[in-house]
Amino acid sequence: MRIISGTYKRRKIVAPKNLPVRPTTDMAKESLFNILNNSYYFEDISVLDLFAGTGNISYEFASRGTTNIISVDENFNCIKFINKTAEAFEMPIQTIKSDVFKFLEKAKIQSDIIFADPPYNFTTEQFLAISDLIFNNNLLFDNGVLIIEHSKHTDLSNHIYFDYSKSYGGNTFSFFKFTKK
C-alpha cells in the first residue's frame with residue numbers, strides 16, 4: 001500500500017503478511033479522499049478510524065495534516081503495526097485496542113469523520129449496527145460524516161441517516177449524515 005497525497009506522498013508501507021486485513025485499494029482510497037477534500041480542511045478535523053487494520057486510512061489523513069486521529073482495532077498485531085508505522089513517520093495517531101462495537105457503546109468522544117472498514121462478510125444488520133451506535137451515541141460533530149466501506153453486494157441505503165454511496169471496483173463507500181427530517 002502507498003500513501004496517495006500529502007507530506008508522505010508516494011511512501012510505500014509494507015504490512016506483515018500475518019495481519020487479518022484487507023486494505024482499501026489505492027484507487028478507492030484516492031477517490032474517497034478526492035470527495036473529502038471538497039468538504040474538509042484536513043488540518044482542522046478529528047478522525048476516528050474503526051476496524052483500522054493496517055492503518056492505511058489513518059496514515060492518509062495524517063499525511064494530509066490531520067493531527068487528531070484515533071485508530072481502533074481489536075487485533076493486537078494491527079495496533080502494534082500502526083504504532084510502529086506512526087512512530088517511524090512521526091504521525092499523530094492514537095491507537096485503541098478494542099472490539100469496535102464495545103468501543104462505540106462506551107465512547108464519549110466526537111469526530112468530524114468516522115471511517116469504518118469492517119470485514120466484508122458482516123451481515124447488513126452488523127453494518128447498520130455500526131451506524132446506529134454512532135448516531136445514537138452522538139459520536140459525530142455537527143456536519144460530520146460516517147463512511148462505511150463495504151462490498152458492492154451490500155446495500156445500506158435503508159438506514160435513516162444514509163446520504164449516498166460511491167462504488168470503485170468491488171469497494172463501496174456509504175456516506176451517512178445526521179439530517180433533521
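The following exercises, each with a worked solution, concern a predicted model.

**Exercise 1. Helix H3**

Task: Determine whether the span of helix H3 agrees or disagrees with the value expected at 1.5 Å a residue, and establish which residues of H3 are buried and which are exposed.

Solution.

Step 1. Helix H3 covers residues 76-89, which makes 14 residues. The expected span at 1.5 Å a residue is 20 Å, and the end C-alpha atoms are 20 Å apart, so the two values agree.

Step 2. The buried residues of H3 are Cys-78, Ile-79, Phe-81, Ile-82, Thr-85, Ala-86 and Phe-89. Viewed down the helix axis, these buried residues fall within an arc of 160 degrees, and they therefore line one face of H3.

Step 3. The other side of H3 carries the exposed residues Phe-76, Lys-80, Lys-84, Glu-87 and Ala-88.

Step 4. Among the elements that cover the buried residues of H3 are helix H2 (56-63), strand E2 (68-73) and strand E3 (93-97).

Step 5. The ends of H3 remain to be described. At the N-terminal end, Asn-75 acts as a cap, with a side-chain oxygen 2.8 Å from the backbone nitrogen of Asn-77. Just after H3, Glu-90 adopts a positive phi of about 55 degrees.

**Exercise 2. Helices H1 and H5**

Task: For H1 and H5, state the end-to-end reach, the buried residues and the elements that pack against them.

Solution.

Step 1. H1 has twelve residues, and from its first C-alpha to its last it reaches 16 Å, close to the expected 16 Å. Helix H5 (residues 124-136) has 13 residues and reaches 18 Å, close to the 18 Å expected.

Step 2. In H1, the buried residues are Ala-28, Lys-29, Ser-31, Leu-32, Phe-33, Ile-35 and Leu-36. Their cover includes H2, strand E4 (111-116), strand E5 (140-151), strand E6 (162-168) and E7.

Step 3. In H5, Phe-127, Leu-128, Ile-130, Ser-131, Leu-133, Ile-134 and Phe-135 are buried. These residues pack against E1, H4, E4, E5 and E7.

Step 4. Just after H5, Asn-138 has a positive phi of about 55 degrees.

**Exercise 3. Two residues of helix H2**

Task: Classify Glu-60 and Ile-57 as buried or exposed, and describe the surroundings of each.

Solution.

Step 1. Glu-60 is located in helix H2. Its relative accessibility is 0%; because buried means under 20%, Glu-60 is buried.

Step 2. The side chain of Glu-60 has two polar partners to consider here. One of its polar atoms lies 2.9 Å from the backbone nitrogen of Ile-4. The side chain of Glu-60 also makes a polar contact of 3.1 Å with the side chain of Arg-64.

Step 3. Beyond four places in sequence, Glu-60 touches Arg-2, Ile-3, Ile-4, Ser-5, Lys-29 and Phe-33.

Step 4. Ile-57 is likewise found in helix H2, and at 4% relative accessibility Ile-57 counts as buried. Setting aside neighbours within four places in sequence, Ile-57 is in contact with Thr-24, Lys-29, Leu-32, Phe-33, Asp-49 and Phe-115.

Step 5. Ile-57 and Leu-146 are 89 residues apart along the chain, and their C-alpha atoms are separated by 14 Å.

**Exercise 4. Phe-42 and Ser-174**

Task: Locate Phe-42 and Ser-174, and determine whether each is buried or exposed and what each contacts.

Solution.

Step 1. Phe-42 lies in the loop between helix H1 (26-37) and E1. With 5% relative accessibility, Phe-42 is counted as buried.

Step 2. Apart from neighbours within four places in sequence, the contacts of Phe-42 are Phe-33, Leu-36, Asn-37, Phe-61, Arg-64, Gly-65 and Thr-66.

Step 3. Ser-174 belongs to strand E7 (residues 171-176). Its relative accessible area is 1%, and Ser-174 is buried.

Step 4. A polar contact of 2.6 Å joins the side chains of Ser-174 and His-150. Excluding neighbours within four places in sequence, Ser-174 is in contact with Leu-146, Ile-147, Ile-148, His-150, Leu-156, Phe-162, Tyr-164 and Ser-165.

**Exercise 5. The largest pocket**

Task: Give the volume of the largest pocket and identify what lines it.

Solution.

Step 1. The volume of the largest pocket is about 440 Å³.

Step 2. The lining consists of 27 residues, and those nearest the pocket centre are Pro-20, Phe-51, Asp-73, Asp-117 and Pro-119.

Step 3. Strand E1 (46-50), H2 and helix H4 (100-106) each contribute at least two residues to this lining.

Key. Residues are numbered from 1 along each chain as its sequence is written. This is a predicted model: local features need pLDDT of at least 70, side-chain atom pairs count only at pLDDT 80 or more; totals for chains, interfaces and linings use all residues. Side-chain values use heavy atoms; hydrogens and water are left out. Helices (H or I, at least four residues) and strands (E, at least two) are DSSP runs, numbered from the N terminus. The expected span of a helix is 1.5 Å times one less than its number of residues. Buried means under 20% relative accessible area, exposed over 50%, partly exposed in between (1.4 Å probe, protein chains only). The arc is that of the directions from the helix axis to the C-beta atoms. Contact means heavy atoms within 4.5 Å. A polar contact is a pair of N or O atoms within 3.5 Å; within protein, one must be able to donate a hydrogen and the other to accept it, and residues adjacent in sequence count only if both atoms are side-chain atoms. On a 1 Å grid over the protein atoms alone, a cavity is a set of points where a 1.4 Å probe fits but cannot get out, and a pocket is an open set with protein on both sides within 12 Å along at least five of seven lines; lining residues have an atom within 4 Å of a point. Grid points are joined across faces, edges and corners, and a volume is the space filled by probe spheres set on the points.
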